[in-house]
Amino acid sequence: MSALGNHILVEFMRCDPNIMNDVSAIERDMVEAARKAGATVINSTFHHFSPYGVSGVVVIEESHLAIHTWPEYGYAAVDLFTCGEMDAWISFDYLKECFKSASYSAIEMKRGSKNLLTRNDFDISSMRQRADEWKNPDMYTRNVWFTDKDENQAVSLRYTGEVLHDVQTDFQRVRILESPKYGKLLTLDDMFMTTENDEFHYHEMIAHPAMFAHKNVKNVLVIGGGDGGTVREVLRHDSVEKVTMVEIDGEVIEACKKHLPSIAAEFDNPKLDLIVGDGIEYVKNASSEAYDMIIVDGSDPVGPAEGLFSVAFYNDCYKALNSNGVLVSQGESPKFNENAFADVHHTIKGLFGEGNAHVALFYVPTYPTGMWSFQFGIKNDNMNLKEIDTDKVDTFVDAQGLKYYNSEIHFAALALPNFVKELLK
Ligand code: SPD
């Protein structure tokens, strides 16, 4: 190659002025433009100027994409600076469509012409040795962060830069990253799902409160839960005879088996019937009154998990539960996605009845705001989530070495702050 990099300087004109002033849309489009061209995105930072205009940069392993917009002229100045094999014209074509640019031009130039450069002699072996030392987390010098966010709130975790798994499936982008603080993590699209270090918060709380309130769960259906943490917890209970798990994305299961074996620990358990398929269809076709417990361990209501938040799906779950049955659902956050949180409650209340819809709060450091919920629908009017055998719970907790759930947490999780009660009205 005769140059180190390639630089396309783009003039996008006659763009949609509203898009040119929408910092969130522009950041999303720029990041996607990089990905579509095969780049590895390191980070992005974008700024909206008052009263209008946006500037931002996407740092990629292959260099950067940058933008400055003038909405009042429907104009964007875009730099696509790449090195290696990446084809930045793919980014160009994508952005042209996103910005609805009716007129455009571009100049392409080589950067770092080798005719003008003289290569210095570096001691490559000592540099390689230093790179190896970076495997010690204290020595990491890369400042790369994974961020789970909406337009207004975010949670970020520094990761080492190590991407152990990155596959775009028919449903979502499945990644396993490595972080110094939380160990390996599973992300779907741009959302945290679970990490080695805090997965027990979620998986213990999705299973045990309802298991102990029900007292005799034998037949369980888990929808989603591809990392395996939920079935691992359910199968700790001796009463359980059979667990059916239906996960739509087999790639999630495979990635977790390979990289998160402490979470994907029970996939070979003979009590487990593991099905890779559509959980919504599965419940629709399930026999009536087949299950003691249905656990919906889905992602957020975007992408493949959207249908898991529909009234029709919950109605099918209701029918598939027997008369003592309990539904447990990933219930979103009252501080991050208040509407989804309240909608789940109202749906469950509509189906199971006013007094049979309950909410438990728990803390997950790697979900935005940290405050998350599980929501319960109880079919049997005589079952009370607050009636548990505390001695039995604590004996189980000790024997199993649980790290989050205990009998005190059981009651505490069901106590709701006033603003949450207000949201649920
Ligand atoms: N924002 C995250 C919502 C929770 C998704 N489920 C996590 C899967 C863990 N088994």
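Two strands are said to pair if DSSP finds at least two bridges between them, and the close-up views below, all taken from a predicted model, begin with strands that meet this condition.

**View 1. Strands β4 and β5 pair and form a hairpin.** Strand β4, which covers residues 63–70, and strand β5 are joined by 8 bridges in the antiparallel sense. Along this pairing, S63 has T82 of β5 as its bridge partner, while W70 has Y75 of β5 as its partner. The hairpin that the two strands form has 4 residues between them, and in its turn G74 shows a positive phi of about 55 degrees.

**View 2. Strand β5 also pairs with β1 and has a covered and an uncovered face.** Strand β1, residues 3–13, runs antiparallel to β5 and is joined to it by 8 bridges, with L9 having D79 of β5 as its bridge partner. Within β5, residues 75–83, the covered face consists of A76, V78, L80 and T82, whereas the uncovered face consists of Y75, A77, D79, F81 and C83.

**View 3. An open sheet of 6 strands contains β4, β5 and β1.** Strands of a sheet pair through backbone hydrogen bonds, either parallel or antiparallel. In this sheet the pairing is antiparallel, and the strands follow the order β2-β3-β4-β5-β1-β6. At the edges are β2, residues 41–48, and β6, residues 103–113, each of which pairs on one side only. From one strand to the next, the twist averages 10 degrees.

**View 4. Helices α2 and α3 are shown with the strands of the sheet.** Helix α3, formed by residues 88–98, packs on the sheet and touches β1, β4, β5 and β6, and its direction makes about 15 degrees with that of β1. Helix α2, formed by residues 23–36, lies across β2, β3 (54–60) and β4, and runs at about 155 degrees to β2.

**View 5. The shell around the ligand draws residues from two domains.** At least three residues of this shell come from each of domain 2 (126–195) and domain 3 (199–424). There are 13 residues around the ligand, and M193, T194, D227, G229 and S299 are those that come nearest. Strand β12 (191–195) and helix α6 (229–234) each supply at least two residues of the shell, and β12 gives the largest share, with 3 residues. By residue type, the shell divides into 4 nonpolar, 6 polar and 3 charged residues.

Key: Residues are numbered from 1 along each chain as its sequence is written. This is a predicted model: local features need pLDDT of at least 70, side-chain atom pairs count only at pLDDT 80 or more; totals for chains, interfaces and linings use all residues. A residue is near a molecule or strand if its C-beta atom, placed from the backbone, lies within 6 Å of it. Ala, Val, Leu, Ile, Met, Phe, Trp, Tyr, Cys and Pro count as nonpolar, Asp, Glu, Lys and Arg as charged, and the others, Gly among them, as polar. Domain bounds come from an automatic or database domain assignment. A residue is buried if 20 or more other C-beta atoms lie within 10 Å of its own, exposed if 12 or fewer, and partly exposed in between; C-beta atoms are placed from the backbone. Axes are lines fitted to C-alpha atoms, for helices over the stretch in contact, and angles run from 0 to 180 degrees between N-to-C directions. Two residues are in contact if their C-beta atoms, placed from the backbone, lie within 7 Å.
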